[in-house]
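This report follows burial and contacts through a few elements of one chain. Please keep the sequence and the coordinates at hand while reading.

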Amino acid sequence: MISSNFVNQGFLNVSEIEQIIANPEIKIVSFDVFDTLVYRPAVFPKDIFYIVDRELDAEGITDFISYRADAEEKLKKPNASFEDIYKFIEKEYNLPGKTIEAMKSKELEVELSLIKPRLVVKKLYDFALAQGKKVIVISDMYLTKDFIKEILDKNDYKSIESIFVSCEYNKRKDSGELYDEAIKILKAKPSEIVHIGDNHFSDIEVPAKKGIVSLYVPSFMHLAMNCNEFNKIFTYQKFSDDPFARLLMGFVLGDYFSNYGHVIEEKLFKDFDDFTLLGIIPTIFQTALYILNNKEIQSNYQQVFFASRDGYQIEKVYSRLSSFLGKTKSKYFYAGRKAYEILDSKFRTFNEYYKYIARKNKKLKLKEFLSTFVSDSNVSGTVCSQIAEDENPELSKNTACLKILNKFKQPLDSYFTKAKSNAQRYYRKEFDTAAAGGSNRVIVFDCGYSGSVSYYISKTLKIYVDKIYLWSTKDNSARDRELKTKTYTIIQSNVPTNSGLHLIFEELFSPLEGTTLGFDNELKPILEKCSFNKEMVHIFRKIDRIVAVQTEKLIKTFGTYLKHFQIYDYDKFTSILNYAITSSRFGERKLLKPIVFPDLNFFSSNNVSLMNKIDKALNDSSHEVLRFTGFNDFSFNYLPAPECNDLPEREIGIHVHCFNQHLMQEIIFLLKDFPYKFDLYVTTPNKESVGAIKIQTGIIKKLNKLSVIEVPNRGRDIAPWLVSTRAVQNNYDYFCHINTKESKHLPFGENWRKYLYANLLERKAVIDIFSLFESNHDIGCVYPFKYYELTKFEIQHVIRPMGMFGEQDAINRLLEEFGINQRISNSELNYSAGSMYWYRPKAFRQLFEYGFKFEDFPAEPIGVGGTITHAIERLPTFLCTYNNFVNMQYSRYRIYNFEDVVFGKDSSAKPNHYVLKEGVNQHPKNGEFFAKGYLEMYPDVAKTKMDPWHHYVLYGKKEGCDNGMHPLKTQFCAEKYLEMNPDVAKIRMDPWHHYVLYGKKEGRSNGVF
């Protein structure tokens, strides 16, 4: 078993969708509009209302948000139009017509301005036109057909032949009526239409039921939240309370995920492009926007100064945005501890400066100190050349060092005086003009955080140097009090020394150059000489390019609306990077290994990478000894599957029972990369689905033969499997049975299905399974381990694996009819929960030799137990063992619980029950329980909306309440019921459970009256 993770995204790539569009049977290509053809750069669509609100506020119209945000919900009109919404607002709030017209106009203006095309879908649109297909759009929307056309035209979708919008046809997609209307007007067969959209229900499930070929293209937010690492960071429904934080993050995520090729990787950052786009860019943008839109900063200072080195990227973005918006100008200046600490008035001689440095760098050798801290290379070179190597003490040996330095007192003091004078002249030149005026104040951005830049420049120039910091410390606050300066702190949390974020920003916001050592006589900076490795040079060029490109995209997207971006939820922007560094299972810190800036604060060495610096910060702050090591790096856990190219010629068959046609895309997503040739048998009770299935399966590369068979809706997937494939079973060496399992009554149903699909159909899993079969001819069937959420559910609800509705008796009756003189027991019970297997047909031979007919199985719906179908689900592994084969459980992939991941819940914090929607529960201590009967007897429980079974277990039984069964069971005769209802006897279902679940509703006699 390989414990890795797989997410069946369940959607096809562009070329695969193009194959389906190109099918000659397809005449019409239909698209959803919002989040499919186009998208808003926002986490939630209504986020753009906040821009409208600020725009209107500037025109003297206030409270737009309070009027508009929930107007549609209050109106309670399913197919409301834009005009309907504003008529409601006008009447509800008694607003003047002029105000309403201004609101309408501004909302449409902002919508049109912000909406962007999804390039991946634009490619599909262009392809459909090139293939000569008719292109239409179908949308549940309040906007008019004409305005939607204006949006589409603006985004270069100019050849849409028909627009079907719910507010104009008074019919909706999610009800299916709008599809019916389109089919009627277009005079098309459903199977001639491909519909592409982002909503699983209204764009996929609903049209699929009508026989339309529906293809899922996820929205960018779905892609982000469906990525395992992303959905651990963000809680989608509570992404942020700050609407402008959501807008900016919507821009970042929308730009990144609009082409869904990115999601193939599980890790947050597969390369440094990702690291920049998702880790660095958000903080750069939110910092620049904070400075731009802080009214106090913009009003009180003539210029905004950005200190080297870590002010470099922020200044580039701020400069571009301030120029575009007409804000206070910026200036980048050179600073560095070695350049400005020399200004301290307590340093009158070089030796006094040396003593200060020696206290902080005791392990540094004297010659290294001179070459590093003396900015004049001629002076440092001359002095160092005269110090013998065996007379090169560490700075901790203070007496020995001073003895040597005193030999060179005159040239070193002369250098020191000149260096100090040049630094004073440089900073005076930079700041004097900006500080002119009554306030005598300037403002400097630096990542932070102790206030040293401001302290030394303020003391030297006798001006007030205020600061903009990402983080601040107590030392900085003390210096503010001492110097009467002010700090604007952007991120209000403490300095993240336990994550190393401050180290990342200090180095990656910098240019590719050494720190400032001092200034020459012409006041040009003297920079530390550095030899950067090729990979680091490539990375920094990449950062420069990406920052410049994304800045232009930001301006193009929001334009002058950027003036409204006053963001307060700043921690949201560092959360992606923080998670990648501290919590990701994939060790993304390794991307920082090439980044090597000289820094004597770490290990007294100039060759320590940023990765090592962060490792030190993390290890110093954590008691979890394995947390930040390779042992916790999930990427080490991948075991590549061998390609079984030497697999002998084998006949392979797969059966899919397709009740839910909208789920076929998930199966096709996996089968399209199946490693070996195979025959596919698809059974469906839906006549309308046959054509769509044939078209969709056309993209499967190794498909040898396809059979699509219409069957009665009886016996779930079991009857179609046993009846419709019986005649071909012996033609195959290996066979697989799966179904389009939905399990909507379970909150984990979707992930349970994807878990089963992944471990049976994903390419690497298939190779593993066939390797097992080929290496051990005794293996008769292979199936996944029971899904962990299902196990929890069964334990919590005391659901017996053997069944709760007489399945064991039905199994034993079947075994007798198979000629097997054995009885099944709990000790040997283990089967595929979900009824999906790979198997050798000989291992299950009795199931196919018995000659089941569809009439042997009850018609749907059949509930959660008690029928021959449920009995047979528990039989395959028993038969496999009886036929002298071995059962093998195998799971290559595990799938996280969707709710745990997306909504940020820890499984231990989840409620200890799930609600069963219908049926009879059984508990070994409390006996049987009938939910409907219980609610009928105790209507007060129904009013609480509490699950009746849980109410009975927790309260009702203690209070002496009836279990809902007695009024029925005391008036029921099983023997007479079977005699009166031979169809029930035929399907071998427990008569009492049949009566409770179906018979009473159908008006059948209870066998007594």
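In this predicted model, asparagine 422 has a relative accessibility of 5% and therefore counts as buried, the cut-off for that class being under 20% relative accessible area. The residue lies in helix α23, which spans residues 409–435, and, leaving aside residues up to four places away in sequence, asparagine 422 touches Phe519, Asp520, Asn521 and Leu523.

Helix α22, residues 398–405, has a buried side as well as exposed residues on the face turned away from it. Cys401, Leu402, Ile404 and Leu405 are buried in α22; because these residues cover an arc of only 160° around the axis, they sit on the same side of the helix. An α-helix has 3.6 residues a turn, so residues three or four places apart point the same way. Thr399 and Lys403 are the exposed residues carried by the face of α22 that is turned away from the buried side.

A further region is built from strands and a helix: strand β7 (residues 193–197) pairs with β8 in the parallel sense, over four bridges, and isoleucine 196 has leucine 215 of β8 as its bridge partner. Together with helix α11 (residues 200–209), β7 and β8 make a right-handed β-α-β unit. Strand β8, residues 213–216, is covered on both faces, as the table sets out.

| Side of β8 | Residues | State |
|---|---|---|
| One side | Val213 and Leu215 | buried |
| The other side | Ser214 and Tyr216 | buried |

Leucine 215, the bridge partner of isoleucine 196, is thus listed with Val213 on one side of the strand.

How values were computed: Residues numbered from 1 in each chain as written. Predicted model: local features only at pLDDT ≥ 70, side-chain atom pairs only at ≥ 80, totals over all residues. Heavy atoms only, no water. Buried < 20%, exposed > 50% of the residue type's maximum accessible area, 1.4 Å probe, protein only. Helix = DSSP H or I, 4+ residues; strand = E, 2+ residues; numbered from the N terminus. Pairing = 2+ DSSP bridges. Right-handed = clockwise from strand over helix to strand, strands pointing away. Arc of directions from axis to C-beta. Contact = heavy atoms within 4.5 Å.
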